[in-house]
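Biologist: Hey, can you walk me through a structure? I'd like to hear about holes inside it and about its aromatic rings.

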Amino acid sequence: MELVLQEPQFQLQQPPEPKRWKKIMAWLKKRFELRNERDHYIARIATGSTALFASLAMTAAALGMPTGLGTTIDILLFLILNIVAMSLAANLLSLIYSMLYLPIPRRLAAVWTYASIEAYLILYYAELGILMSIIIALAFTILGAAAGCLLGILLKLKIKRRSKFLIMVGAASVAAISYLFVYWPGTAAMSQTADVALDSDSIRNTINAPDPAENGKFAFQAFTYGSGLDKHRVIFGKEVDVRSTAVDASAYITEWSKLKTKFWGFDEHALPLNGRVWMPEGEGPYPIALIVHGNHLMEDFSDGGYGYLGELLASQGIIAISVDENFLNYSVWSGIPNNDMKVRAWVLLKHLQQIKQLNEEVGNPFTGKVDLSRVALIGHSRGGQAVAMASDADRWFKDDKTLESLNDVVIESVVAIAPTDKQVDNKSAQLTDVNYLTLQGARDADVNNFYGDRQYSRTKFQESTDKFKAALYIADANHSQFNSDWGRMDERPPGGLFLSRKELLAAEDQRQVSKVYVSAFLQATLLGENSYKQLFEDYRSGLDWLPNTAYTNRFESSDFTEIARYDDGKQKTALKNGGKASVAGMIDWSIASAEDRDGKNKGTKGIELEWSEPGAEYALELSPKTIDQAAEITEGNLVFSMANLERDLIAVEDKDKADAAHNELELSEPPPLPVIEIELTTTEGESIELGLDKVMPVAPPTYTAFMAFPWLEERIKDEKYKESSEPIFQTYTLPLELFSSDELAIKADEISRITFRFVSGPGKVMIDDIGFTS
C-alpha cells in the first residue's frame, strides 16, 4: 500500500480593509499633529506679538463697553474671554490650514486671521465703516506680526546682548515718538482770530467786576438727595442725606430693557430723583441752578463731572444741583429707553417739583432756602436740549396734571453747553422772555455742529423785558472736557483713539471758559450783576479771564430794534416797514439759509454777499417807520451779525487750497480778510464813515481737523467730519458816538441810510440781524 503525503494547504488571511471614517480620523490626527510643523522660532515670536496686538484691541473694546463692574474687572473679563476664543480659533484654523496643506506658518496664520477678524468687528461697530474697518484691521494686525518677526530676527542675530538691547530701545523710542507726534496734545494754536482779539488796541470794553471764575464770598455745604436705594453709589444709597420720592415715567417710556432693570434695581415705574447739592450758607432764599448731563455711557456715571461749576456757583450765592439722569443714558448691553429726550426734560421738571416740596416742608436743608422765582437750567449735550424743552414745558407736557404745582416756578435763564437739537414729536423748543446762553467747541467730535445756534435763533423777547441771548464759539474746545469725568475723547474707544488731540485746549482751560461764562451769565441774569453783560456783547472784554484761543460771539438784547432780518425769505430788496436794499459791484447777492457742516439749515437766514473787486456796496434805505422806532434809543449802537464765508471762496477758486485748509495746513496765499467800512447817512444827507476794524476786524473761519489722520475725515462715520468748518456769526456792536465828529453827531433817529462798503476783494459774507440797541 502506497502512502501518499499531501502538503498542507495554508491560505494567508488579508487584514480587513479599515472603515473610511477611521481613515479620516487617522488623517485628521496626523494633520493636527503636523499643524504647527512650519512654525519656526521667528514665526512663534510673531504669533505671540500678533496675540498681544489682539489683546490690545480687546482692551480698547473693553474700555468702550463698560459693564459697571469697574474698568479693571472689565478688562480682565474681556482678556480672559479673548484668550479662550483665540486659543480655540488658533487650534481650529491651524488644523484647517494643515488640512489644506498650505505651506505657511499655520499657527501664526491662524492667530493673525483671528486677530484681523476681531479688529475688523471692533472697528465696524465703532462706526468706522466696512472699507476703513478692513484697511485699519489689516494694517494693525500686519504691524503686530511684523513687529514679532523683527523681534525674532533680532533675537537670533549673533551679536552681543547689549547691542540687541540698544536696538530694542531704539525701536521702542521710534514707536513712542511716532505716537507722540500723532496723538500727544499740543498747545492750542493761536489763529488769526485770536491774534486780533489779543491786540490791546482792539479791546474796547473792560468789566469793572471780579473774575467770575473765582470763588465768591459765600461758604457752602455739599450734600445729596435721592432714593436711598441706589445699588452703585452710596451717596444716593445708604449715605444719602435727604430722601426723595421716585417718579413714574411709564406714561412716556414704553421700552425699558430688563438688563437695565437688573443693573439699576428699578424700571420706568420708579425713576429716582437723585441730585448732588452745593448750597450757600446763610438765611437765603437763594436762586437755584440745576445742571443736567448728556448721553454718556450709562455705566460711566456723569453727574459728578459738574462739581467745578456747582462749587463755584454756591460760593457766589446760587444753589447748584447736579441732576442724576444716568439711567436714561445709552448702554452697550441694555440700549437706551425710548422717548429719552422727552423724559430727560420731564425728570428735570420733577426735580424742580421735589425741591419746591422740600422748600415748603420743615426739617431739611432746603427749608425756606430756595427762591423759585429765580431758576436757571444748565445742560450739556442732550441735557442742553433738555433744559430748553423744560423751559418750554407746555409744548410737550401741557396735559400732564402731575406737573401743575410748577405753575409759579419761574425759569429765568437757560445755559446749553454743546447741545443737541433734535425734534421731539415733530416740535422744537421756542423760548420766549428767557435769557439764553450757548457754548460750543469747534473741535467737538460728538456734537460737531453748532446746534445751540438754532435755539439761539428760536429765542424771542417781548419789548418790555430786560433779557438777552448770547452764543460763544470756542476754537479749540471739544465736547467731553466740559464734564470733568468724561476724559478727553469725544467718542468711546476704540473710535476715540483715532481722534486728534493736538491743539485741544487743556481740560482745565476748557472748564475755565465754562466757569467764566456760566458764572457771569447767572450773576448777570439771576443776581443782577449787570457789569458782566459786556462779556456777552464782546468776548474781548473778558480776555484776561480766558485761555488763549480764538473766540466768536453772538449777542442780542431784548431792546433790539430791527432794521433787517431775513428769515421770512421775502424779496432781497424789501426791508421791514417798507425799507429798501440795493447793491453795487456785487457778483451775487441773495437771501440764503445759513448751513451747518452737514449742509442742513441752522435755523436762520441772512443776506449772502459775494464780490470780486474792492468797492462793492450793500446799502439799506430805512423806512420812516423804522426811523421813528429808533427815536426812543439814546446813546445807541448799530449792531449786526456777520459770518465770513471764506471757505466757499477757497472751494470755488482753488480745490487744493480747500484741502489744505481742511487739513489745517498753512495756506500759501489765503484769501484776504474782508476790510469793511460802514457809512451812515442822515436824513439831511450828511455822511460819515467808520472802518469796522476800528471796532473789531473780520475774523477768518475756524478750520478743524477732527481725526489724527486727516485722510480719515471723509471716510468714516458716514462722512461726519468731511467739512472742516461751518459759518459762525460774530456780532458787531458799533456805538453811534464813534461815527460822530466835531461837525456831526449822529443819533439813531437821524439815520436814513446804512452802507456796507467792502474795501478789499474778493470776499463773501453773510449778514443778519441788523438793528439798533440802546
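**Cavities and rings**

Modeller: Sure. This is a predicted model. In the largest cavity, the biggest share of the lining is three residues, and they come from E16.

Biologist: How many cavities of 30 Å³ or more does the structure hold?

Modeller: It holds 10 of them. The largest has a volume of about 160 Å³.

Biologist: Which residues lie nearest the centre of that largest cavity?

Modeller: Thr552, Ala699, Pro700, Pro701 and Ile728, out of 15 lining residues. By class, the lining of the largest cavity has 10 nonpolar residues, four polar and one charged.

Biologist: And what about the second largest cavity, how much space is in there?

Modeller: About 100 Å³. It is lined by 14 residues, and Arg443 and Phe706 are among the closest to its centre. The lining of the second largest cavity includes five charged residues, next to six nonpolar and three polar.

Biologist: OK, switching to rings. How many aromatic pairs are there?

Modeller: The count is 31. In one of them, phenylalanine 468 and phenylalanine 521 have ring centres 5.6 Å apart and planes at 90 degrees; over 60 counts as edge-to-face, so this pair does.

Biologist: Where in the chain do those two sit?

Modeller: Phenylalanine 468 is in strand E9 and phenylalanine 521 in helix H14, so the pair ties together parts 53 residues apart in sequence.

Biologist: Is phenylalanine 521 buried or exposed?

Modeller: Phenylalanine 521 is buried, with a relative accessible area of 0%. Phenylalanine 468 is buried too, at 5%.

How values were computed:
Residues numbered from 1 in each chain as written. Predicted model: local features only at pLDDT ≥ 70, side-chain atom pairs only at ≥ 80, totals over all residues. Heavy atoms only, no water. 1 Å grid on protein atoms, 1.4 Å probe; cavity = no way out; pocket = protein on both sides within 12 Å on 5 of 7 lines; lining within 4 Å. Points joined across faces, edges and corners; volume = space filled by probe spheres on them. Helix = DSSP H or I, 4+ residues; strand = E, 2+ residues; numbered from the N terminus. Nonpolar A, V, L, I, M, F, W, Y, C, P; charged D, E, K, R; others polar. Phe/Tyr/Trp six-rings, centres within 6.5 Å; stacked < 30°, edge-to-face > 60°. Buried < 20%, exposed > 50% of the residue type's maximum accessible area, 1.4 Å probe, protein only.
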